[in-house]
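Student: I would like a close look at a single part of this protein, with the surroundings set out carefully before the details. Could you take me from the whole chain down to one buried acidic side chain and the residues around it?

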Amino acid sequence: ACYGDTALLFAAKAGEQGRVLSFEPHPGIGRLFLHNMKRNPHLSRRMAMLPVATGNAFGGELVLNLCGPGSYLGERGSLSHNTRVPVTRLDDEVSRRKWPRVDFIKMDVEGAELATLQGAEHILRSYRPKLAVCLYHKMEDFFLIPRFLYELDLGYRFYLEHHFVNKWETVLYALPGDDVARN
């Protein structure tokens with residue numbers, strides 16, 4: 001979720017009936033997200049932020065190395081900047097809220113993209129949302145993430161784009177095809 005700027009934009013685009021669910025495991029950045037959400041009360045009713053990481057298991061913890069918006073998963077670097085954060089699955093969070101559909105998933109989760117997609121398999125199969133998934137954290141994700149989505153056989157079409165000033169933040173866009181999902 002980072003600072004909430006994207007979540008606020010999505011909340012504005014989602015309209016009165018839309019909902020935006022965000023995840024931010026970094027405690028300090030999560031506080032900034034909540035501050036920005038409170039400064040936008042007309043949009044905050046459509047938003048929720050959970051202070052957890054996402055993955056393919058409900059419960060448990062991951063190690064997060066705290067270094068601002070560049071925080072990353074794992075115990076590399078200074079142990080004094082590591083913290084343990086709880087993990088949840090997108091499938092569990094959407095089910096808990098009894099949402100009738102999921103239209104879009106944007107994901108930049110510092111190397112946990114594949115695990116997060118695996119923890120959202122029910123959402124992917126049930127709703128076939130549009131996806132924007134960062135690939136640049138791990139080289140193998142350029143192959144493993146498209147393969148995982150392709151092997152679900154949901155008819156997604158794939159596109160790559162590079163963003164940010166240095167053009168190295170590569171995002172995989174997956175759009176459901178016009179055909180009906182094959183289950």
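Tutor: The secondary structure of this protein, which is a predicted model, comes to 7 helices and 10 strands. Of its 183 residues, 41% count as buried, and the exposed surface amounts to about 10500 Å², of which carbon and sulfur atoms supply 56%. Among contacts with a separation of 6 or more, 66% join residues that are 24 or more positions apart.

The interior is the setting for the part in question. The largest nonpolar core has 25 residues, and those with the most contacts inside it are L117, L124, L131, I145 and L149. Two or more residues are given to this core by each of several elements, namely β1 (20-23), α4 (90-97), β7, α5, α6 (121-127), β8 (130-134), α7 (141-151) and β10 (169-176); the largest share, 3 residues, comes from α7. Apart from this core lies another, of 9 residues, with A7, M37, M47 and M49 among them.

The acidic side chain to examine is that of E113, which is found in helix α5. E113 is buried and yet has no salt bridge, since the nearest side chain of opposite charge, K138, is 6.7 Å away, whereas a salt bridge would need the nitrogen and the carboxyl oxygen to be within 4 Å. A polar atom of the E113 side chain does, however, lie 2.8 Å from the backbone nitrogen of V109. Once residues up to four places away in sequence are set aside, E113 touches M107, D108, V133, C134, H137, D141 and I145.

One of these partners, I145, leads back to the core, as I145 is among the residues with the most contacts inside it. Leaving aside neighbours within four places in sequence, I145 is in contact with E113, L114, L117, V133, C134, L135 and L172. V133 and C134 therefore appear in the contact lists of both E113 and I145, where contact means heavy atoms within 4.5 Å.

The residue just ahead of the helix completes the view. A112 has its place in the loop between β7 (104-107) and α5 (113-118), and with a relative accessible area of 8% A112 is buried, because the cut-off for that class is under 20%. A112 and L135 are 23 residues apart in sequence, and their C-alpha atoms are 9.9 Å apart in space; L135 is also one of the residues in contact with I145.

Definitions and conventions. Residues numbered from 1 in each chain as written. Predicted model: local features only at pLDDT ≥ 70, side-chain atom pairs only at ≥ 80, totals over all residues. Heavy atoms only, no water. Helix = DSSP H or I, 4+ residues; strand = E, 2+ residues; numbered from the N terminus. Buried < 20%, exposed > 50% of the residue type's maximum accessible area, 1.4 Å probe, protein only. Core = buried A, V, L, I, M, F, W, Y, C linked by side-chain atoms within 4.5 Å. Lys, Arg positive; Asp, Glu negative; His and termini not counted. Polar contact = N/O pair within 3.5 Å; in protein donor to acceptor, adjacent residues only side chain to side chain. Areas by Shrake-Rupley, 256 points an atom, 1.4 Å probe, with all protein chains shown as cover.
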